[in-house]
Amino acid sequence: MPSKVATLEQIPVGQVHVEGMLELPANVKCIVLFAHGSGSSRHSKRNTYVARVLQNSGIGTLLMDLLTPEEDADYQVRFDIPLLTHRLLAATNWIKTDQRTKHLPIGYFGASTGAAAALQAAAGFGEEIGAVVSRGGRPDMAGISALEKVKSPTLLLVGGWDDEVITLNREAYEHMLCTKELIIIPGATHLFTEPGTLEEVARQAAEWFGRYLMAEKTAQ
């Protein structure tokens, strides 16, 4: 049996399809859907790196384009959080019905504006989403109402040199009523390009998903 199965998928989201890379390690215990930030895609090197670390821990991943190429060319659409959330909800429903993944606990990893979509989607699904991790995210853009409804254990990771985003994360954190943690990674800017900082993001994410998603699978 191969150590990992990777397939390029066409995921139905309303009237369109978006592309996604589904990767399932042989010992898969749960799955994490990635919601990228504005101007990014499923090819994001940072998200791809984090996904690889998660896969090595037995976590399946789905990296997808939340927007079509035509939509992504419109700068305003990149910040359409309700649209991004709708796409993530649709992809989640697809994961919940696909024969390969329907038995797996589900988590979200959101970056930048994708974190707002992840939290809105988590608020919509309630306890069906086992955990959420935000990297350099904008949870504030999810809105107070959604933040208060999130039940999924949520980890907010912010770079220590990303002052404005630290403030926005702290404000959003205060509105969240779920199990939560805010970790500031020293020496990191918004994109975590500094040596060792993205590795720390991946380590923290793998630990968080391991604690909540894998525990959920074990309890089933």
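This is a short tour of a predicted model, with suggestions for what to select at each stop.

**Stop 1: the sheet**

Begin by showing the strands as a cartoon. You should find an open sheet of 8 strands with mixed pairing, in the order β1-β2-β4-β3-β5-β6-β7-β8. Now colour residues 4-13 and 180-185: these are β1 and β8, the edge strands, and each of them pairs on one side only. Turn the view and look along the sheet; from one strand to the next, the twist averages 20 degrees.

What holds neighbouring strands together? Strands of a sheet pair through backbone hydrogen bonds, either parallel or antiparallel. For an example, select residues 16-25 (strand β2) and 59-64 (strand β4), which pair in the antiparallel sense over 4 bridges. Within this pair, Met-21 has Leu-63 of β4 as its bridge partner.

**Stop 2: two helices on the sheet**

Next, select residues 45-56, which form helix α1. This helix packs on the sheet and touches β1, β2, β3, β4, β5 and β6, and its direction makes about 160 degrees with that of β4. Then add residues 81-97, helix α3. Helix α3 lies across β1, β2, β3, β4, β5 and β6, and runs at about 125 degrees to β1.

**Stop 3: aromatic pairs**

How many aromatic pairs does the structure hold? There are 2. For one of them, show the side chains of Phe-34 and Phe-109: their ring centres are 4.9 Å apart and their planes are at 35 degrees, so the pair is tilted. Phe-34 belongs to strand β3 and Phe-109 to strand β5, so the pair ties together parts that are 75 residues apart in sequence. Are these rings buried or exposed? Phe-34 counts as buried at 2% relative accessibility, and Phe-109 counts as buried at 0%.

Now move to Trp-208 and Tyr-212, whose ring centres are 4.9 Å apart with planes at 55 degrees, so this pair is tilted too. Both residues lie in helix α7 (residues 197-219), 4 residues apart, which is about one turn of the helix. Trp-208 is buried, at 2%, while Tyr-212 is partly exposed, at 22%.

**Stop 4: a lysine over a ring**

Select Tyr-173 and Lys-180. Lys-180 lies over the face of Tyr-173, 4.3 Å from the ring centre.

**Stop 5: the cysteines**

Finish with Cys-30 and Cys-178. The structure holds 0 disulfides. For Cys-30, the nearest cysteine sulfur is that of Cys-178, 18 Å away. A disulfide needs the two sulfur atoms within 2.5 Å. Cys-30 is buried, with 0% relative accessibility, and Cys-178 also counts as buried, at 11%.

Definitions and conventions
Residues numbered from 1 in each chain as written. Predicted model: local features only at pLDDT ≥ 70, side-chain atom pairs only at ≥ 80, totals over all residues. Heavy atoms only, no water. Phe/Tyr/Trp six-rings, centres within 6.5 Å; stacked < 30°, edge-to-face > 60°. Buried < 20%, exposed > 50% of the residue type's maximum accessible area, 1.4 Å probe, protein only. Lys NZ or Arg CZ within 6 Å of the ring centre and 35° of its normal. Pairing = 2+ DSSP bridges. Axes fitted to C-alpha atoms, helices over the stretch in contact; angles between N-to-C directions. Contact = heavy atoms within 4.5 Å.
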